[in-house]
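Q: I'd like a close look at one part of this model, please. Could you start with a single element and then work outwards to what surrounds it?

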Amino acid sequence: MPTPVRSSGESARAAVLQTLPLFEMMRMRAATTARRHAVLGFASEDRASRMRWVNQFTHTHRRIGPDDREVVSPNNDTVFSNAWLDLSQGPVLIDTPDMGERYWTLGLLDAWTNPFAYVGRRTTGNRRQRTLVHGPAWSGEVPGGVDNVIASPGDDVWVIGRILVDDRPGNLEQAGALQRGISAHRLDGGDAAMRVDTRLDGRSVDTPAAAIYRATVDEALARNPVPHGETSFWPVDDAALAAELPLVFEELRQKAQPHALGGGWALPVAVRTHWGQDVSMRARVARNFIGALGIEEAMYPTAEVDAEGLLLNGSHAYELQFPPGATPEVGAFWSLTLYRRSDCLLVANPIHRYSVGDRLPGLLTGADGSLSIRIQAEDPGPAHNWLPAPAGEDFYVVLRLYQPRRRHLEFQFPYPPLRRR
């Protein structure tokens, strides 16, 4: 019996909120997959084609800086590796090299944006390893030599890799060599790469036309069923869909309601491995923070205001002071990164410093063990840890916590406010 098509505005709104993560993930797939394979060539010779390669890794071999405008609130601590897996033709094997003592992770997101699995320092260690990722229909035998087996709830998986880099000479080049050691294969050892028609302009962030939205969701749903325990609201009729799409997309452009942490700090995203029944928040994050990892891997407390509740602005000088023994509690590393509020990007400055953290060469601490960071436009001098701010402009800061410990995860850590000097 065919699925009934719903027509009311309320049902259409529910259907868009529910399926928007699918559409945004497919948009990201179109935006971040490669047209060209190093050996197999272009997925299509037609430059206007939406054909792309999946089941292969692409890498960014440099740290993101103020000239990069593709991603808002970008991470300046790691280099990135990226792969989209299509498991419809069978499992994919991912080989990763020995990472030494370095922090690294491959975070796996399903098509509904659930960060359902990880390979990396926190979960599987830093040794050389082979991981088998399979879809829901596969029931074959795991071959020898496989260290990790990950079952995906659907056939589409986004793998987002992060490898830590620092300012030591040669460190970036070493990270690049590790990235090149990451590869994807079929069970028979052949290259896993395959062509897919993404059908989308991944560069566009505008509200999609109803026909494009419907076609994209229909195709994605066929490979990635509605999460277990969730009632499907799809499909809806054309008129209701066309009416609700711009309304929902505009609503979701507004920032998601964060989790307040005290001291002017808030957590924009607080997911562990699954969004559960919080469909509305899942949609907001898909629209505004897509690709977010679970908080066991990384937390991003954000401050937009000072101790008095006033917006942070580069016409003032601020100090963030962690008392003795009260710096962020992490198993990997932490950093404080500054972004201009108007465009959510890193800010160019004369010392090319975009974050301050526990790996900063020459990080200064007080005689009592306290740690202070001066956040301002003018250089406070060599006796201070300086994070440059944009003169006269609003900004915000993000405290990145990789492998946060218990007090952070339980929202009990005492985050100090930024105080004007």
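How many residues does helix 3 have, and how far does it reach from its first C-alpha to its last? Please go on from there to its packing, the loops beside it and the charged pairs.

A: Happy to, with the reminder that this is a predicted model. Helix 3 has 14 residues and spans 20 Å from its first C-alpha to its last, close to the 20 Å expected at 1.5 Å a residue. Its buried residues are Ala210, Tyr213, Arg214, Thr216, Val217, Ala220, Leu221 and Arg223. A rule of thumb is handy when reading such a list: an α-helix has 3.6 residues a turn, so residues three or four places apart point the same way. The buried residues of helix 3 pack against helix 1, strand 11 and helix 4.

Now for the loops on either side. Arginine 199 sits in the loop between strand 13 (194–197) and helix 3. Its phi is positive, about 65°, although arginine 199 is not a glycine. With a relative accessible area of 53%, arginine 199 is exposed. The loop between helix 3 (210–223) and helix 4 holds proline 235, and the peptide bond from tryptophan 234 to proline 235 is cis, with omega near 5°.

Another positive phi is found at threonine 113, about 75°, although this residue is not a glycine either. Threonine 113 lies in the loop between strand 7 (104–110) and strand 8 (115–120). At 5% relative accessibility, threonine 113 counts as buried, whereas arginine 199 is exposed.

Helix 5 (residues 279–288) is also worth a visit, as helix 1 and helix 4 come up again there. The buried residues of helix 5 pack against helix 1 (9–32) and helix 4 (238–253). They are Val279, Met281, Arg282, Ala283, Arg284, Val285, Ala286 and Arg287. Because 8 of its 10 residues are buried, helix 5 is largely enclosed by the rest of the structure.

That brings us to the charged pairs. Arginine 340 and aspartate 343 meet through their side chains in a salt bridge of 3.3 Å, N to O. Arginine 340 is buried, at a relative accessible area of 16%. Elsewhere, salt bridges with shared partners join Arg29, Asp156, Asp197, Arg199, Glu219 and Arg223 into one network. Two residues from our tour belong to that network: Arg223, listed above among the buried residues of helix 3, and Arg199, from the loop before this helix.

The model has 26 salt bridges in total. One of them pairs the side chains of arginine 63 and aspartate 167 at 2.8 Å, N to O. Arginine 63 lies in the loop between strand 4 (58–60) and strand 5 (78–86), and aspartate 167 in the loop between strand 11 (156–164) and helix 2 (171–180), so the pair ties together parts that are 104 residues apart in sequence. Arginine 63 is partly exposed at 23% relative accessible area, while aspartate 167 is exposed at 52%.

The side chains of arginine 130 and aspartate 95 form another salt bridge, at 2.6 Å, N to O. Here too distant parts of the chain are linked: arginine 130 is in strand 9 (residues 129–134) and aspartate 95 in strand 6 (residues 92–96), 35 residues apart. Arginine 130 counts as partly exposed at 29% relative accessibility, and aspartate 95 as buried at 16%.

Back at strand 4, threonine 60 offers another long-range link. Threonine 60 lies in strand 4 and is partly exposed, at 32% relative accessibility. Threonine 60 and glutamine 179 are 119 residues apart in sequence, yet 8.8 Å apart in space, C-alpha to C-alpha. Leaving aside neighbours within four places in sequence, threonine 60 is in contact with Val79, Phe80 and Gln179.

Finally, a charged residue without a salt bridge: arginine 374, in strand 21 (residues 371–376). Arginine 374 is buried, and the nearest side chain of opposite charge, that of glutamate 319, is 5.1 Å away. A salt bridge has to fall within 4 Å, so this pair does not qualify. The side chain of arginine 374 does make a polar contact of 3.5 Å with that of histidine 384. Not counting residues up to four places away in sequence, arginine 374 touches Tyr318, Glu319, Pro380, His384, Asn385, Trp386, Leu387 and Arg421.

Methods
Residues are numbered from 1 along each chain as its sequence is written. This is a predicted model: local features need pLDDT of at least 70, side-chain atom pairs count only at pLDDT 80 or more; totals for chains, interfaces and linings use all residues. Side-chain values use heavy atoms; hydrogens and water are left out. Helices (H or I, at least four residues) and strands (E, at least two) are DSSP runs, numbered from the N terminus. Buried means under 20% relative accessible area, exposed over 50%, partly exposed in between (1.4 Å probe, protein chains only). Contact means heavy atoms within 4.5 Å. The expected span of a helix is 1.5 Å times one less than its number of residues. Lys and Arg count as positive and Asp and Glu as negative; His and the chain ends are not counted. A polar contact is a pair of N or O atoms within 3.5 Å; within protein, one must be able to donate a hydrogen and the other to accept it, and residues adjacent in sequence count only if both atoms are side-chain atoms.
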